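Please open the structure in your viewer and keep the sequence panel beside it, so that each stop on this tour can be selected by residue number. At every stop you will be told what to select and then what is there.

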Amino acid sequence: MEELTEVITSAEFHPQQCHTFAYSSSKGSIRLCDMREAALCDKHCKCEYKQGNDKEPTHLFIDSLSNFEEPEDPSTRSFFSEIISSISDVKFSHNGRYLMTRDYLTVKVWDLQMENKPLETYQVHDYLRGKLCSLYENDCIFDKFECVWNGSDSVIMTGSYNNFFRMFDRNTKRDVTLEASRENSKPRAILKPRKVCVGGKRRKDEISVDSLDFSKKILHTTWHPHENIIAVAATNNLYIFQDKVN
């Protein structure tokens, strides 16, 4: 085990091409593999995406080697860089054109035809960047958060601490932080957006970053494939929420 320098952290099959799958690593890279090439998938591949229509289905064409990884900025490198860049989850979009990945601080959306940088990057809880030392000491920095698409691939969701979970609208670029708690789980109760205060004066509806409970965390989330119904797992509780109904 001491000789290991990189491990596989997540894997996902393409939703339309059953011979293609992606896997992520602890070094922050994502690789695509084609099982038609060889039984041993130790080489990754490059994909060309062709959108289908009524007469022709969508195709993913395999080409040469491809490795999805964002170059690291040397000016921001620290002791924690490799730890927080480890990918904990990877998910194909329903249409098969995009990959979503989750590392410790961000969610990234990749276009399968552009492996040199992510198409979109969303900050999940950037206010924790100044607390990485404490998170390392209590082992929270090794937590593995999942991410999920909604049915139309227009909104993505992932978990955080204090039983918070985050939603990002890819079209409007708006985001919201919601909380899964017993107080909010009453029938027809409306979830109110939550905000985390980093410093300075704290408003009445905000919570200080120093008051976050790191023992309460949402690691697992899922979204109904057709309806606006979500399920989030908070420690030993499962919460199910749905869009506002009349």
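Begin by selecting Asp139, which lies in the loop between helix 2 (132–137) and strand 11 (147–149); helices (H or I, at least four residues) and strands (E, at least two) are DSSP runs, numbered from the N terminus. What you have open is a predicted model, in which local features need pLDDT of at least 70 and side-chain atom pairs count only at pLDDT 80 or more, while totals for chains, interfaces and linings use all residues. Residues are numbered from 1 along each chain as its sequence is written, and side-chain values use heavy atoms, with hydrogens and water left out.

**The backbone at two loop residues**

Stay with Asp139, which has a positive phi of about 70° although it is not a glycine. Most residues other than glycine have a negative phi. With a relative accessibility of 49%, Asp139 counts as partly exposed, where buried means under 20% relative accessible area, exposed over 50%, and partly exposed in between (1.4 Å probe, protein chains only).

Select Asn162 next, in the loop between strand 12 and strand 13. Asn162 is likewise not a glycine, and its phi is positive, at about 65°. Is Asn162 buried or exposed? At 9% relative accessibility, Asn162 counts as buried.

**An aromatic pair beside this loop residue in the sequence**

Now select Tyr161 and Phe214 together and look at their rings, which form an edge-to-face aromatic pair, with 5.0 Å from centre to centre and 70° between the planes. Rings of Phe, Tyr and Trp (its six-membered ring) pair if their centres lie within 6.5 Å, and planes under 30 degrees apart count as stacked, over 60 as edge-to-face and the rest as tilted. This pair links distant parts of the chain, since Tyr161 is in the loop between strand 12 (155–159) and strand 13 (164–169), whereas Phe214 is in the loop between strand 16 (206–208) and strand 17 (218–223), 53 residues apart. Tyr161 is buried, with a relative accessible area of 1%, and Phe214 is buried too, at 17%. The structure holds 13 aromatic pairs.

**An aromatic cluster and a charge over a ring**

Select Phe79, Phe80, Tyr136 and Phe142, which form one aromatic cluster. Then keep Phe80 alone, in the loop between strand 6 and helix 1 (81–85), where it is buried with a relative accessible area of 11%. Which residues does Phe80 contact, leaving aside its neighbours within four places in sequence? They are Leu132, Cys133, Tyr136 and Ile141, where contact means heavy atoms within 4.5 Å. If you add Arg129, 49 residues from Phe80 along the chain, you will find their C-alpha atoms separated by 9.9 Å.

Next, select Arg170 and Tyr98: the charged end of Arg170 sits over the ring of Tyr98, 5.0 Å from its centre. A charge sits over a ring if NZ of Lys or CZ of Arg is within 6 Å of the ring centre and within 35 degrees of the ring normal.

**A sheet with an enclosed strand**

Move to the open sheet of four strands, which has the order 1-2-3-6 with antiparallel pairing; two strands pair if DSSP finds at least two bridges between them. Its edge strands are strand 1 (8–13) and strand 6, each of which pairs on one side only.

Select strand 3 (residues 30–34) within this sheet: five of its five residues are buried, so the strand is largely enclosed by the rest of the structure. Ile30, Leu32 and Asp34 point one way from strand 3, and Arg31 and Cys33 the other way.

Add strand 2 (residues 20–25), which pairs with strand 3 in the antiparallel sense over five bridges. The two strands form a hairpin with four residues between them, and Gly28 in the turn has a positive phi of about 85°. Across this pairing, Ser24 stands opposite Ile30, and Tyr23 has Arg31 as its bridge partner. On to strand 6 (residues 67–68), which runs antiparallel to strand 3 and is joined to it by two bridges; here the bridge partner of Arg31 is Asn67.

**Cysteines, and the whole protein**

Select Cys33, buried at a relative accessible area of 0%, and then Cys140, which counts as buried at 6%. A disulfide is a pair of cysteine sulfur atoms within 2.5 Å, and by this rule the count comes to zero.

Finally, show the whole protein, with its two helices and 19 strands. Of its 246 residues, 46% count as buried.
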